[in-house]
Amino acid sequence: MDQINKLIEEIHVLVTKIADAGVTQTPFMRACIKVDLWQKIEGAVRTKGSRARQARNTLSPIQQLPTEVTLQLFDTVLMLVGRRHYHDILKGMSEVCHHWRKIIHHTPALWSKIYCSAVREVVDQALERSATHPLDVWFSSVGRGNKIALESFLEKLSPHMGRCQRVALTYFGEWDQSEGLAELASLPAPKLEQVVLEDQRWLSDLSGVELFGGQAGMLKDVQILGIACNWECAAFKGLRVIGLSKVSFPSVDSLLGILDQSRCLSCLQLSFITFTDNDAATMVRCVTFPLLDNLSLVFEDVLHTEIILDHIKAPICSHLCFFIPDGVEIGGKVMHLAAKWLAQRQAPVPKLQSATFALLNSEVSLSGVSTEGLEALSLTLKCGHGEENTARLLNAANCVAKELLCAIESRFKIDEGAIDFLQHPKVVEELSQLLPVTTIEIGDPFSDGEGRRYWGYPRQFTLPPFPSMRVFRTFHQPLECIFSILKGIFTIPIPNTEDRAVHVEIHGPTHPKPDWLDYIATQTKEIVGDNCRSSFVLTPRLSNVGD
């Protein structure tokens with residue numbers, strides 16, 4: 001009340017000044033003074049109103065939270081936001097109230113994300129407000145989300161390279177015309193833990209650069225795509241994670257020699273590497289990685305896959321991925337390579353309860369679940385595009401599960417982008433040969449269902465009956481998809497006399513109306529049979545935070 005009285009007194013003073021001005025000034029001057037004084041009045045009212053709102057907001061329960069709790073709230077929200085929208089969401093939260101804006105502007109950790117999705121001014125703000133906090137840097141020219149040119153981005157980043165913790169730069173094109181990348185990569189980076197450098201057109205060359213000036217003692221994760229590097233430099237020693245793609249080495253032995261500098265590797269990914277010396281008689285060293293658990297070998301020549309698998313000893317490796325080129329007898333080669341992998345393992349293959357087959361576009365993964373319910377092994381098979389290749393991969397994975405892993409039953413998952421494969425007779429035939437399938441899953445929590453909704457679904461599927469199936473689960477899929485696939489499995493509803501119950505579990509991002517649930521229950525019972533039970537599970541649609 002006192003503030004309002006003071007405001008009224010100020011307005012009276014200003015009004016008096018306007019009246020006095022009318023006596024001594026010309027009409028034009030009086031008009032100017034009136035405008036100026038009324039602007040001051042409006043400014044005073046806005047100021048008082050803003051202070052009144054601030055005083056009111058401080059009484060709301062959320063404003064009473066300790067700063068640490070508020071920051072945890074911010075972190076929870078931002079954790080689910082993709083890189084391309086991070087700064088937009090951060091700005092939106094800072095506009096909620098003065099208290100939140102003050103917290104956000106004075107918390108360096110929130111500004112430590114330096115992303116190309118922000119305009120130049122926001123990048124400047126982030127670099128300034130992050131103070132001395134370690135930086136997470138990301139630039140990608142994929143898509144249209146970047147709002148700052150690479151040269152400008154690198155120029156702004158260079159003075160802060162010493163506090164970068166993670167740097168990821170992905171570009172299509174000759175990105176080093178101004179030598180900005182070479183200059184950045186030569187700067188000391190004592191806090192750098194992870195670096196990802198990708199040139200999708202293979203035009204960049206850092207072979208003459210000592211990466212990070214040899215001063216990146218905390219670096220443990222290096223991923224290079226399409227960029228020639230000085231492989232002998234200190235940056236490639238003592239690593240835990242290495243990913244190399246579309247680069248060249250003189251021979252397989254020279255590649256293994258570089259890898260041998262990082263004996264504590266836990267993850268190794270090699271894809272589409274070329275070798276200038278293709279002499280198969282060349283001596284190749286053997287290297288041992290006692291901690292290597294994840295190995296991925298994607299080569300256009302399966303001979304290189306076999307040579308490397310023969311010369312890398314990884315006694316605890318539980319996750320293997322390899323690529324089978326077109327023209328190779330897939331089933332026999334997969335069994336051969338899988339047997340080699342399992343023979344290298346120090347511990348015997350654990351007793352498996354079930355195997356999970358996951359079908360993606362041109363990719364089939366097989367994972368084994370032990371009798372204790374833990375994932376014991378996983379094998380991912382990749383090949384060229386096409387339904388026939390996919391059917392061969394599915395056959396090979398099934399043979400591995402039966403003959404090498406000795407699994408008893410299975411689950412089947414299919415990505416929403418691979419649903420078209422269910423129309424192919426050879427894929428359907430391989431599905432009928434799988435170990436007894438107890439669970440089928442369509443999509444996952446990251447599925448959006450929108451692309452498939454747009455293109456529509458075929459009216460009919462002809463699928464195996466899966467007599468052991470007990471659970472049918474979908475994530476964010478349109479009803480026409482769910483019902484079409486169920487009709488393809490249950491061409492005849494289950495008779496009441498049969499001792500078999502099927503649970504149809506539908507996951508969606510928003511809770512449906514009661515009449516919608518009744519409709520689902522009625523339809524599923526009509527398709528599956530009276531022993532069918534349906535339920536809806538509220539599952540938020542997760543976004544890929546890498547975008």
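Let's start in the middle of a sheet: strand β10 and strand β13 (residues 294-298) run alongside each other as a parallel pair, joined over 5 bridges. Keep in mind that this is a predicted model. If you want one exact match-up to look for, find Cys267, whose bridge partner in β13 is Asn294.

Strand β10 has another partner too. Strand β8 (residues 241-245) pairs with β10, again in the parallel sense and over 5 bridges. Here you can pick out Ile242, which stands opposite Leu268 in β10. So how covered is β10 (residues 267-271)? Mostly: 4 of its 5 residues are buried.

Now zoom out to the nonpolar core. The largest one has 149 residues, and those with the most contacts inside it are Phe212, Ile224, Phe236, Leu244, Leu270 and Phe472. Take Ile224 from that list and see what it touches: leaving out residues up to four places away in sequence, its contacts include Leu197, Trp231, Phe236, Leu244 and Val247.

Next, hop over to helix α12 (residues 387-404), where you'll find Asn389. Is Asn389 buried or exposed? It counts as buried because its relative accessibility is 12%, and the cut-off for buried is under 20%. Setting aside residues up to four places away in sequence, Asn389 touches Asp326, Ile330, Cys383 and Gly384.

Finally, look at the surface. Leu73, Val77 and Ile89 make a nonpolar patch there of about 190 Å². Ile89 belongs to helix α4 (residues 86-94). With 32% relative accessibility, Ile89 counts as partly exposed, since that label covers values between the buried limit of 20% and the exposed limit of 50%.

Definitions and conventions:
Residues are numbered from 1 along each chain as its sequence is written. This is a predicted model: local features need pLDDT of at least 70, side-chain atom pairs count only at pLDDT 80 or more; totals for chains, interfaces and linings use all residues. Side-chain values use heavy atoms; hydrogens and water are left out. Patches are made of residues with over 30% relative accessible area and no salt bridge: like charges are joined within 9 Å, nonpolar side chains (Val, Leu, Ile, Met, Phe, Trp, Tyr) within 5 Å. Accessible areas come from the Shrake-Rupley method with a 1.4 Å probe; for residues, only the protein chains shown count as cover. A salt bridge is a side-chain nitrogen of Lys or Arg within 4 Å of a carboxyl oxygen of Asp or Glu. Helices (H or I, at least four residues) and strands (E, at least two) are DSSP runs, numbered from the N terminus. Buried means under 20% relative accessible area, exposed over 50%, partly exposed in between (1.4 Å probe, protein chains only). Contact means heavy atoms within 4.5 Å. A nonpolar core is a set of buried Ala, Val, Leu, Ile, Met, Phe, Trp, Tyr and Cys residues joined through side-chain atoms within 4.5 Å. Two strands pair if DSSP finds at least two bridges between them.
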